[in-house]
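The following report describes a protein model in the presence of DNA strands. It proceeds from one strand pairing to the sheets, the overall fold and the DNA surfaces.

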Amino acid sequence: MPELPEVEVVRRGLDAHVTGRLIEAVELRGARVARRHLPGAEDLAARLAGREVSAARRRGKYLWLDLGPDALLLHLGMSGQLLVEEASAPDEKHLHARFTFADGGPQLRFVDQRTFGGLAWSPTGADGIPTTIAHIAPDPFDPAYDRAHAVRRIKVKDSEIKRVLLDQGVVSGIGNIYADEALWRAGIHGARPASSLTKPAIGRLLDHASEVMTAALGQGGTSFDALYVNVNGASGYFDRSLSAYGQQGRPCPRCGTLIVREHFMNRSSFSCPRCQPRLGR
DNA sequence: CTTTTCTCCTGTATGC
DNA sequence: TGCATACAGGAGAAAA
């Protein structure tokens with residue numbers, strides 16, 4: 001499941017293999033890949049042909065290619081992959097988009113088993129961010145990230161803290177895995193009301209989220225392959241470093257109590273019953 | 001307006 | 001073994 005670290009690895013791959021190249025044509029397959037582009041797939045393909053990619057950028061889990069004054073937004077959803085491959089490589093089963101370039105070099109392909117991801121065209125605002133994702137808050141790696149502002153936003157939320165961590169309009173980039181890891185590091189149960197936490201505690205929680213994502217990025221960067229702009233989304237290389245997520249029945253690395261799994265927001269949540277009491281400390 | 005629930009999708013794992 | 005069901009979950013639409 002690509003969250004911020006995985007998406008950043010993909011962005012670096014795009015920057016290395018796609019930036020500076022002139023798009024010759026884009027083939028879009030299926031109705032879903034361009035569903036967020038309301039004028040439709042044909043319109044999107046027509047807009048992309050002949051454009052030069054000037055940069056690959058990211059905010060939270062959204063990626064985009066800068067194409068002059070406009071951008072091509074990309075989201076990997078849960079299972080999306082961006083692959084750089086020779087034209088001779090056989091089509092993947094779930095191939096949804098194929099970019100060919102005027103230089104005749106490798107293609108860029110978007111492959112997505114569950115098709116939660118997709119492509120869309122967007123104008124870019126004065127801040128350089130596509131207007132379509134203006135509602136997405138800066139992630140902790142963004143120079144525009146304002147930690148104190150985020151703390152204030154979280155403090156006044158009338159919701160549980162894990163819901164707020166997953167709200168991309170407050171702080172972006174955090175998904176289910178890193179939310180659980182940050183909460184475990186901070187010793188906070190995700191069901192606690194956000195407003196019950198002190199501002200310093202919220203600040204520390206955000207810092208834990210930032211640190212665990214930095215650690216994951218440090219490991220993800222090493223699995224980078226030149227012809228495989230990552231990522232199958234599996235972040236398997238970081239799995240052995242997880243303390244709470246997916247660890248039900250295993251001892252908490254801090255206190256030895258068995259990690260439990262609970263259902264929350266139609267998802268699974270993992271926590272240490274001792275380190276992360278529901279009623280706070 | 002804010003907050004919560006529902007929905008989209010398909011490969012893999014689990015249960016009877 | 002086979003079939004049914006649960007599960008993974010990002011994010012926007014719809015509902016509350």
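## Strand pairing and architecture

Gly 80 has Asp 112 as its bridge partner in β7. Strand β7 covers residues 107-112 and is joined to β5 by six bridges, the two running antiparallel. Helices (H or I, at least four residues) and strands (E, at least two) are DSSP runs, numbered from the N terminus. Two strands are said to pair if DSSP finds at least two bridges between them.

This is a predicted model, in which local features need pLDDT of at least 70 and side-chain atom pairs count only at pLDDT 80 or more, while totals for chains, interfaces and linings use all residues. Residues are numbered from 1 along each chain as its sequence is written, and chains are lettered from A and ligands numbered from 1 in the order in which they are written.

Strand β5 belongs to an open sheet of four strands, ordered β1-β6-β7-β5 with antiparallel pairing. Its edge strands are β1 (23-28) and β5 (80-85), each of which pairs on one side only. Neighbouring strands of this sheet are turned by 15 degrees against each other on average, direction ignored. Such angles run from 0 to 180 degrees between N-to-C directions, and axes are lines fitted to C-alpha atoms, for helices over the stretch in contact. Because five of its six residues are buried, β5 is largely enclosed by the rest of the structure. A residue is buried if 20 or more other C-beta atoms lie within 10 Å of its own, exposed if 12 or fewer, and partly exposed in between, with C-beta atoms placed from the backbone. At the other edge, β1 pairs with β6 (residues 95-101) in the antiparallel sense over five bridges, and Ile 23 stands opposite Phe 101 in β6.

A second open sheet has four strands in the order β2-β3-β4-β8, again with antiparallel pairing. Here the edge strands are β2 and β8 (118-123), each pairing on one side only. Neighbouring strands of this sheet are turned by 30 degrees against each other on average, direction ignored. Helix α1 (residues 4-17) packs on the sheet, touching β2 and β3 (62-67), and its direction makes about 170 degrees with that of β2. Strand β4 (residues 70-75) is joined to β8 by six antiparallel bridges, with Asp 70 opposite Pro 123 in β8.

## Chain A as a whole

Chain A contains seven helices and ten strands. Its C-alpha atoms fill a box of roughly 60 × 40 × 30 Å along the principal axes. The radius of gyration of chain A is 20 Å, which agrees with the value near 19 Å for a compact globule of 281 residues; this radius is taken over C-alpha atoms, and the globule rule is 2.2 Å times the number of residues to the power 0.38. Of the 281 residues, 42% count as buried. Among contacts between residues at least 6 apart in sequence, 68% join residues at least 24 apart; two residues are in contact if their C-beta atoms, placed from the backbone, lie within 7 Å.

## Selected residues and helix α5

Ala 97 lies in strand β6 and counts as buried because it has 26 C-beta neighbours inside 10 Å. Leaving aside neighbours within four places in sequence, its contacts include Val 26, Arg 109 and Leu 119. Ser 54, in the loop between α2 (41-48) and β2 (55-59), is partly exposed, with 13 other C-beta atoms within 10 Å. With the same exclusion of sequence neighbours within four places, Ser 54 is in contact with Thr 19 and Asp 66.

Helix α5 (residues 176-186) is mostly covered, ten of its eleven residues being buried. Among them are Tyr 178, Trp 184 and Arg 185. Just after α5, Gly 187 takes a positive phi of about 70 degrees.

## Surfaces near DNA

A residue is near a strand if its C-beta atom, placed from the backbone, lies within 6 Å of it. Ala, Val, Leu, Ile, Met, Phe, Trp, Tyr, Cys and Pro count as nonpolar, Asp, Glu, Lys and Arg as charged, and the others, Gly among them, as polar.

| Surface | Nonpolar | Polar | Charged |
|---|---|---|---|
| DNA strand B | two residues | four residues | four residues |
| DNA strand C | six residues | seven residues | four residues |

The residues around DNA strand B include Arg 114, Lys 157 and Asn 266. DNA strand C is surrounded by 17 residues, the closest being Met 1, Lys 61, Phe 116, Gly 175 and Ser 268. Helix α5 and strand β10 (267-271) each supply at least two residues of the surface near DNA strand C.
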